[in-house]
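This briefing introduces a structure to a reader who has not met it before. Please look over the sequence and the model first, and then read on.

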Amino acid sequence: MNYEIIVVGGGHAGCEAALASARKNHKTLLVTGNIKNIADMPCNPSIGGSAKGIVVREIDALGGEMGRNADKSLLQIKMLNNKKGPAVQALRAQADKITYPQEMLKTLQNESNLDIKEELVKDLIVENNVVKGVILENEERISSKCVILTTGTYMKADILVGSTRHREGPHGEKPSNYLSENLERLGFTIKRLKTGTPQRIAKDSIDYSVLKMEPGDDCYHTFSFDNKIYYDKEKQVPCYLTYTTDETHKIIRENLNKSSMYGGLSDIRGIGPRYCPSIEDKVVRFADKERHQLFLEPESLYYDDIYLQGFSTSMPHEIQEQMVHSLPGLENAKILKYAYAIEYDAIYPTQLKQSLETKLIENLFTAGQINGTSGYEEAACQGLIAGINAALKIENREPLILKRNEAYIGVLIDDLVTKGIRDPYRLLTSRAEYRLLLRSDNADLRLSKIGYDLGLLPAERYKKLESKKQKIEEMLEFLKNNKITPKEEINNKLISFNSSPIKDGIKLYDLLRRPEIRMEHIKEFIDIPFDEEVIEQVEINIKYEGYIKKEEKEAEKMLTLENKKIPENIDYYSIHNLASEAKQKLTEVKPTSIGQALRISGVNPADISILSIYLKKNHNYES
Amino acid sequence: MDDTIAAISTSSGVGAISIIRISGKNSIEIVNNITNIDLLKKESHTINYGFIYDKEIMIDEVLITIMKAPKTFTKEDVVEINCHGGVAVTNKILEILLENGCRLAEPGEFSKRAFLNGRIDLLEAEGIMDMLNAKNESARRLAMNNINGNLSTKIRNIREKLIQMSANISVNIDYPEYDDVKEVTNDNILAELNEVEIKINELIKESKNGQIIKNGINTVIIGKPNVGKSSLLNLLLDEDKAIVTDIPGTTRDIVEGNINFDGILLNIIDTAGIRETEDIVESIGVKKSLEYIDKGDLIIYLLNNNDELTNEDYEILEKIKNKNHIILINKIDLDNKLDKSKINEEYIEISVKEKIGLEKLKNTIRKMYELEKIENSDYTYLSNVKDINNLKECLNLIKSIKENIENDMPIDIIDIDIKHIWEILGLITGDTYDEEFLDELFSRFCLGK
């Protein structure tokens, strides 16, 4: 059987990659070790979060699946940072760990261009540095034009508990034992990374009476722009909050040497994520903190596991028992699954182009944790981009490269391929330079046209967006054409809004520019015949106009540097006066533009000047 | 690159010795023309003792180092003149060099030449590329702009403060559910911002004063006819052990002369030719004097102890209120007719004729420009106009943040400006973004699920 695109791995990256490729009418095969684990959520039962929630909206606007699928399986939803500005608000949901994969599997199975095969991939078929297909562990060879690797944590996965190391994937799944060695043989630099997951506790064994309940929000926002669902707080499943105690810390300190990471194992090479430290790390590194927050999160309506967020550890089981029982409300808790750390192989991501195609092997793409990221959302968006770009490659078209001012997805991929990683990469709002441009509320306005042009976003969705854009214009006109006049009644209202009374008529548009006046105040004067989401856009654009313009201007500056292209085949070692660190880093990253070169750590502005002079001299390059 | 450049490469106004550096293909020849030493016959990399002459007049006793290309910092012929410190002598020698065919170097131009020559002409040469190989941009900037470590430390401390503020805000944003991270509010931001503002203001003030000491204080002496303006000027000139000079190309048009008043450089602004003739100077009326007030950094207003205050005096006293000014009551050796109680501010009593009160005048000027502070802190000010403008831009941003706090803008919007200030300060010190910010985030907070 011949395929155009083979996707190796059925996690969040693999699903998006396979769907994008199939939806772009390329015959696609998804190979996974276990069909039951497709779109599995092996760690926390939540989707979204700060910055990550915005990525889900971006995936949706581009025609990806994660947003729609998340909306089908929510247990609880919150708009994070809703008391802060629009730039940093993001959705975070508890998603049902049964429903989410089930729904995703249905979607995959309903996709006509997509086949799913249960097997492990052992090697790649490569001819003249071009990938031609895959070799399965049963020696079967399947050929294709492109291959997308989304192996997650499965390459040479080791589960670490106390002083034990077992070669197995999450939930005791079969790991991929050969692929990373074969990649290394092809010339890839492999990096060992590590992550961890906490215990799952039996729902009924927890004493909720001493815990603080963390309910969801009443929320009319959804991940997908397709949906208009109102989530009632009352109908959502709550989370609970508990804290570590002195006793917990004492147990951890006394048994520290039993933790895999603190002496239990001597052969640890994996680097764990800084933003997601184990509880041992927290207790050791922040010794003066009296307690640490722990969230108890429901995993599913269909089984009993409660996820103990914040308590990831690689202690032996018997110590984990003691630790868990030292927590308020969990004195009699029954541990259904013990926490563990997992070590796995990844590809050092500076070996990728911005399209996520590898520099070494043509037509080979990688996405997700194999690229050194962590998180379902980070994986899904890379899968989507890799799927799109593999398809575009086959179609002989330019790859889709989102810029840093266009999407968090662009920030993430650019960070990976330009800066590389030290530890598993997580998106944070602070990684984005133009936060105010990359909002949750405007993801559709930013990206829907791209999704539509790619053929991933249905025409109907795009039409809706066009109409929204038009309505926004109309509403701006409306605010400019309607005035309030200095009547006593009106001025009294203004005073009650803590705003100064008017002497002459004032356009609603100008009134809204007053810092203290919000749309809800305007509604007191006049009926606003527009949808909430249109009103939201108009209000944000008026209120934050100055800052939005400022970021747009900064982004333009960045883009001019981005447009200064660097030819692909430069021998940086022949440019004599470059600092040696710069030579090495530039050779490694092979930046495509001066803008990208500037972001490489270890390359200084002076190196960039030298590079510019060199390019000008040797490549008729305009600086 | 064909011309020969010269600049004073030590900080002026302080130190016992100043160094003037000349680079370019004519540098040895030009210096040869103004000294008694036959430099053309000297070996490269030698130090030579002699004198600098302005035509027939001997200016200073100096040591001249000649270094021939290519083994020099710029890979061009370089001459360094070690002369006696003091602004006037150093400036005078620079001036003579400029008259003899040098061009005044732009800031950082020596380094720039080193850079460019290294690149274009002698790619293989070693040793000179230190600047290019400097590990980070700040080291490079240090070389380029003479920003010294002390100043960088001050700016870095402010940046450190800002990054902490911003990291706190970011933690609130990225980990909104973590209650163990203090919620940053507009109120506590405001308090911290005020501290930053004070520090930036100090830097600006020091830098301005620093510039003044480096370039001289533009001084206007005004007063009614016969109050003793020209006598004061002559007295100051007498005090100047060095030479009164013109600095070409800069303030030649308006500066009559530079007086080194015991280490303080005063650029006396020519109020229609103070020195021309006694008659003219003394006939400059009040009206004319007023016109000059705007031109000066420092106004010295001369009153006559032997004369009563007139309306004109009150008018001038009012006018100079908002400028740096010193009121001198001259002729205290004569009878007192002036009602001192009518002058509602400090004044200094002097007698130009008896040379009384000069010490006090000097100390007042030193205090006014905080010269002690500048000299003690060893050149910690920014001498680059662009850098000072960057600091001012920071102040504008602080102002805008305060307005936004007033208007209840959300904290993440406030953060945009805080980061911006941090970036601008980074431009001054040459620090780049890198992973600095994230490191701060992860080292200070216990984050994660």
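**Helix α13 of chain A and the nonpolar cores**

The buried residues of α13(A) pack against β22 (483-484) and α14 (508-513) of chain A, where contact means heavy atoms within 4.5 Å. This is a predicted model, in which local features need pLDDT of at least 70, side-chain atom pairs count only at pLDDT 80 or more, and totals for chains, interfaces and linings use all residues. Residues are numbered from 1 along each chain as its sequence is written, chains are lettered from A and ligands numbered from 1 in the order in which they are written, and side-chain values use heavy atoms, with hydrogens and water left out.

**Helix α13**

- In this helix (residues 488-496), A:I490, A:N491 and A:L494 are buried, that is, under 20% relative accessible area, whereas exposed means over 50% (1.4 Å probe, protein chains only).
- Because these residues cover an arc of only 95° around the axis, they lie on the same side of α13(A); the arc is taken from the directions from the helix axis to the C-beta atoms.
- The face turned away from the buried side carries the exposed residues A:E488, A:E489 and A:S496.
- After α13(A) comes A:N498, whose phi is positive, near 65°.

**Nonpolar cores**

- The largest nonpolar core (buried Ala, Val, Leu, Ile, Met, Phe, Trp, Tyr and Cys residues joined through side-chain atoms within 4.5 Å) has 80 residues, and those with the most contacts inside it are A:I47 and A:I409.
- Helix α9 (residues 376-394) of chain A gives the largest share of this core, 11 residues; helices are DSSP runs of H or I with at least four residues, and strands are runs of E with at least two, numbered from the N terminus.
- A second, separate core of 44 residues includes A:I540, B:I200, B:I424 and B:L425.
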